[in-house]
Amino acid sequence: MSAPLPEFQRFQYAFAAHIRDPKANACPRGVEATHMRIYTRLVYNNVENFLLTCFPVLRKVLGTRRWKRVVRAFLATHRSRSPFFREIPAEFIQYLQAEWKSPPNYPEFMLELAHYEWIELALSVSMDGPDWDHIDPDGGLLEQRPVLNPVLANLCYRWPVHRIRPRARVMPIETCLLVFRDATDQVQFSEINGFTSRLVSLLETAEHTGQTALEIVAAESRHPSPEVVIQGGLAIMRDLQARGALLGVLRE
């Protein structure tokens with residue numbers, strides 16, 4: 001049987017519980033309610049401000065009441081795994097994915113829109129970078145193994161998240177987006193088709209030459225002229241390299 005917590009720890013738990021959810025947890029004894037309201041407001045406002053910076057479109061789409069409801073629920077029930085303020089948006093995404101029970105009056109695309117907005121922050125602060133000692137920017141994209149930008153996300157959504165706006169009517173449609181941080185440290189977004197998305201997913205493994213990857217895509221699509229697929233894919237890889245999503249080929 002575990003020993004009871006010391007008094008000061010019980011007070012800390014009660015203090016934090018009230019700040020997280022003042023409606024469900026009583027104000028701890030010995031603290032004036034006016035002071036607790038100040039603490040509660042400060043914590044909520046700090047968390048909300050970090051979320052507003054990352055999710056401006058989601059906030060506008062939901063409106064004030066629904067937005068504050070989900071932020072309050074996040075603060076009240078989610079247990080963050082990171083102590084860093086910059087990780088609050090990532091924790092919010094984890095909450096929406098695993099814990100949030102969306103009421104009927106919330107849009108179906110809520111999670112996907114939030115993820116789309118968050119990915120820009122995630123890539124902008126990524127510590128990854130290319131290892132140019134092992135990359136040949138002038139190598140043959142078909143004959144050798146292409147190397148993608150390490151700060152890149154190949155995303156597929158059920159909703160056109162990049163077109164969602166307040167009061168705009170949107171219908172579900174498969175949407176593929178390529179997001180990457182370019183050489184000037186700017187995060188770039190590009191809508192791509194399913195062919196390009198599949199090609200990028202094969203190149204992400206770093207196991208295939210460009211030729212092999214395109215032959216796989218051609219076989220999967222059952223295209224009657226594989227050579228057409230390969231030439232089209234080569235043009236796509238060259239375009240990706242020109243924009244900074246693909247960096248070159250692996251030095252063997």
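So, helix 6 against helix 8: on the helix 6 side we have Phe195, Thr196, Leu199, Val200 and Leu203, and they meet Val229, Gly233, Ile236, Met237 and Leu240 of helix 8. Sort the residues of that contact by type and you get 8 nonpolar, 2 polar and no charged. Keep in mind that this is a predicted model.

How do the two helices cross? Helix 6 and helix 8, which spans residues 226-243, pack at about 75°, and their axes are 11 Å apart. Angles of 65 to 115 degrees count as roughly perpendicular, so that is what we call helix 6 relative to helix 8.

Okay, on to the sheet. We've got 3 strands in an open sheet, order 3-4-5, with antiparallel pairing. Strand 3, residues 152-157, and strand 5, residues 187-192, sit at the edges with a single partner strand each, so one side of each has no neighbour in the sheet. On average, neighbouring strands here are turned by 20° against each other, ignoring direction.

Let's look at one of those pairings. Strand 4, that's residues 175-181, pairs with strand 5 over 6 bridges, in the antiparallel sense. If you want a residue to click on, try Leu178: its bridge partner in strand 5 is Ser190.

Now, which helices lie on this sheet? Helix 5, residues 110-124, lies across strand 3, strand 4 and strand 5, and runs at about 175° to strand 3. And helix 6 is back again: residues 194-204 pack on the sheet, touching strand 3, strand 4 and strand 5, with the helix direction at about 135° to that of strand 3. So helix 6 touches those strands and also packs with helix 8.

Methods:
Residues are numbered from 1 along each chain as its sequence is written. This is a predicted model: local features need pLDDT of at least 70, side-chain atom pairs count only at pLDDT 80 or more; totals for chains, interfaces and linings use all residues. Side-chain values use heavy atoms; hydrogens and water are left out. Two strands pair if DSSP finds at least two bridges between them. Helices (H or I, at least four residues) and strands (E, at least two) are DSSP runs, numbered from the N terminus. Axes are lines fitted to C-alpha atoms, for helices over the stretch in contact, and angles run from 0 to 180 degrees between N-to-C directions. Contact means heavy atoms within 4.5 Å. Angles under 35 degrees count as roughly parallel, over 145 as roughly antiparallel, 65 to 115 as roughly perpendicular and the rest as oblique. Ala, Val, Leu, Ile, Met, Phe, Trp, Tyr, Cys and Pro count as nonpolar, Asp, Glu, Lys and Arg as charged, and the others, Gly among them, as polar.
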